[in-house]
Protein chains: 2
Amino acid sequence: MATANVTPITSADRTFIQLRQDIVEGVIPAGAKLSETELSTKYQVSRAVIREAINRLTACHIVERRANVGARVVELSQAGLQELYEIRESLEGMAARLAARNMTMAEINKLLNLLDTHFETVREGESYYQEAGDYDFHYRIILGSKNQQLITLLTEGIYHLVRMYRVQLGMAGPRVTTAYAEHKHIAQAILNRDEELAEILMRRHITYSKNTIAKKLASQS
Amino acid sequence: MATANVTPITSADRTFIQLRQDIVEGVIPAGAKLSETELSTKYQVSRAVIREAINRLTACHIVERRANVGARVVELSQAGLQELYEIRESLEGMAARLAARNMTMAEINKLLNLLDTHFETVREGESYYQEAGDYDFHYRIILGSKNQQLITLLTEGIYHLVRMYRVQLGMAGPRVTTAYAEHKHIAQAILNRDEELAEILMRRHITYSKNTIAKKLASQS
DNA sequence: AAGGACTATATTGTCGACAATGATTTGGTT
DNA sequence: AACCAAATCATTGTCGACAATATAGTCCTT
């Protein structure tokens with residue numbers, strides 16, 4: 001059972017992941033046209049593979065396709081950010097509620113440990129917390145919901161778009177310590193199995209976070 | 001400008017829609033294997049087109065695919081229904097909130113008219129209300145949210161799965177008049193621009209509706 | 001007879017070529 | 001010179017063939 005459950009990775013899978021990363025990280029800029037032939041030479045795969053990758057990216061709203069015309073990377077806009085975060089607020093709020101119901105004590109303890117680790121990191125002035133740390137926290141709560149559809153929707157769909165906004169707008173700012181406090185409160189609510197409060201706090205937390213990014217975006221445009 | 005904005009329909013689009021319908025309506029039963037070659041002869045298109053259609057169905061969780069093995073129609077289960085309705089509660093709750101904020105007075109009036117029409121239909125004992133009427137109401141509120149991403153997520157993704165459960169479990173039951181009353185209250189909250197209440201009422205409404213289907217499913221299995 | 005390895009078969013994954021559609025450029029007309 | 005039409009070009013959509021992988025069936029070994 002050494003090689004158990006290694007889900008096979010097809011060429012289309014790799015290309016999809018690579019292409020998604022290149023878009024999210026801004027290597028391929030927002031609004032750019034995605035030429036199938038061009039990409040097929042660039043990534044050294046056939047057009048069919050590129051097409052499948054593009055179709056998958058279309059499904060999670062990272063690119064937009066028009067029949068017989070082609071696909072473009074989505075533009076980042078104030079309106080788009082607003083829409084995205086309304087959905088995120090809704091779904092992650094529900095995730096927090098379900099996490100308060102379904103997470104095991106072991107999982108909750110690991111979540112609390114994670115926050116302690118982050119706290120140390122924040123004290124030492126590292127910026128680690130910003131990117132990966134925040135993601136870790138939210139990721140665990142999403143998984144803790146135990147709702148497979150919700151998990152897929154968020155981790156495969158929404159989150160890459162969220163990351164695209166954060167990366168390309170160069171997230172930084174004074175929200176580190178306040179965000180930490182919010183995380184702590186949410187974790188506490190989950191520990192208390194208070195579904196109602198967990199959802200409310202998560203929704204607020206995401207709203208605050210949206211406002212920060214929105215300001216950033218406004219100042220740049 | 002006679003033929004303005006007629007978005008071209010490709011063969012893949014048609015096949016996708018047809019295949020989705022056949023699955024939702026139960027022509028292709030839940031759990032069935034989707035052989036690409038078989039479907040390509042059945043629908044008279046090439047395998048590439050079938051593949052694209054299947055991939056799109058995978059994106060909205062109507063079929064599940066495993067690399068190098070194939071695609072199957074999802075199974076309908078108590079757990080799956082639970083998960084689906086948790087998401088629906090979350091997203092449609094948000095849709096109702098946004099609808100209370102963003103719907104125009106004209107749209108709200110049309111919504112109220114729709115309910116009156118439905119009321120007449122219900123009084124006359126027709127069962128029209130069950131399927132199409134309920135859909136109409138929810139559909140208008142979703143559109144009223146004015147959140148394009150949310151609209152796509154619900155109308156292209158979630159709703160076909162919801163319909164699949166409803167159709168294949170043969171929805172009927174005594175919920176007609178109570179559902180009508182709930183719809184009326186939601187519409188009233190939207191008219192009052194009461195976002196908070198609109199969301200709460202919509203979430204309750206969907207929870208009730210879930211319980212009805214869950215009972216049905218339990219009694220059949 | 002049971003278990004495992006190997007082979008055969010069927011299905012999916014990938015590819016290059018052709019067809020159809022949309023964009024561009026060129027030429028003509030007013 | 002400006003505008004419209006037709007032909008050219010590039011790009012996407014579709015197809016059939018080939019390669020790679022998983023399944024199932026067979027044969028051999030213990």
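These legends go with a set of close-up views of a predicted model with two protein chains, A and B, and DNA strands C and D.

Residues are numbered from 1 along each chain as its sequence is written, while chains are lettered from A and ligands numbered from 1 in the order in which they are written. Because this is a prediction, local features need pLDDT of at least 70 and side-chain atom pairs count only at pLDDT 80 or more, with totals for chains, interfaces and linings using all residues, and side-chain values use heavy atoms, leaving out hydrogens and water.

**View 1. Protein residues around DNA strand D.**
There are 23 residues around DNA strand D, and A:K33, A:R47, A:R51, B:S11 and B:S46 come nearest; "near" here takes a heavy atom of the residue within 4 Å of the strand. On the DNA side, sugar and phosphate make up 71% of the strand D atoms that come within 4 Å of the protein. Sorted by class, the surface near DNA strand D holds 9 nonpolar, 7 polar and 7 charged residues. For that sorting, Ala, Val, Leu, Ile, Met, Phe, Trp, Tyr, Cys and Pro are nonpolar, Asp, Glu, Lys and Arg are charged, and the others, Gly among them, are polar.

**View 2. Polar atoms meeting DNA strand D, and the elements behind them.**
A polar contact is a pair of N or O atoms within 3.5 Å; within protein, one must be able to donate a hydrogen and the other to accept it, and residues adjacent in sequence count only if both atoms are side-chain atoms. Have a look at A:R47: an N or O atom in its side chain sits 2.8 Å from a base nitrogen of DNA strand D. Chain B goes for the phosphates with its backbone, a polar backbone atom of B:S11 being 2.4 Å from a phosphate oxygen of strand D and one of B:A12 being 3.4 Å from a phosphate oxygen of that strand. Elements that each supply at least two residues to this surface are β1 (33-34) and α3 (47-59) of chain A, along with α1 (11-24) and α3 (47-59) of chain B. The top contributor is α3(B), with 3 residues. Helices (H or I, at least four residues) and strands (E, at least two) are DSSP runs, numbered from the N terminus.

**View 3. The surroundings of DNA strand C.**
DNA strand C has 23 residues around it, the closest being A:S11, A:S46, B:R47, B:R51 and B:N68. Of the strand C atoms within 4 Å of the protein, 72% belong to sugar or phosphate and the rest to bases. A backbone N or O atom of A:S11 lies 2.4 Å from a phosphate oxygen of strand C, and a polar side-chain atom of B:R51 is 2.4 Å from a phosphate oxygen of the strand. B:N68 joins in through a polar backbone atom, 3.1 Å from a phosphate oxygen. Two or more residues apiece come from α1 (11-24) and α3 of chain A and from β1 (33-34) and α3 of chain B, and α3(A) has the largest share, 3 residues. The class split is 9 nonpolar, 7 polar and 7 charged.

**View 4. Where chain A meets chain B.**
The contact (heavy atoms within 4.5 Å) takes 31 residues from chain A and 31 residues from chain B. Together the chains bury about 2600 Å², 54% of it on carbon and sulfur atoms; buried area is the accessible area (1.4 Å probe) that two parts lose on being put together, summed over both. The interface has 6 salt bridges, each a side-chain nitrogen of Lys or Arg within 4 Å of a carboxyl oxygen of Asp or Glu. One of them links the side chains of B:R51 and A:E52, at 3.5 Å from N to O. There are also 13 residue pairs in polar contact across the interface, both residues at pLDDT 80 or more. On the chain A side, α3, α4 (78-102), α7 (148-168) and α9 (195-220) each supply at least two residues, with α4(A) giving the most, 12.

**View 5. Two positive phi angles and a buried glycine.**
Most residues other than glycine have a negative phi. A:R193, not a glycine, has a positive phi of about 55° and lies in the loop between α8 (176-191) and α9 of chain A. At 35% relative accessibility, A:R193 is partly exposed; buried means under 20% relative accessible area, exposed over 50%, and partly exposed in between (1.4 Å probe, protein chains only). B:H61 also shows a positive phi, near 65°, in the loop between α3 and β2 (63-66) of chain B. B:G80, in helix α4 (residues 78-102) of chain B, is buried at 18%.
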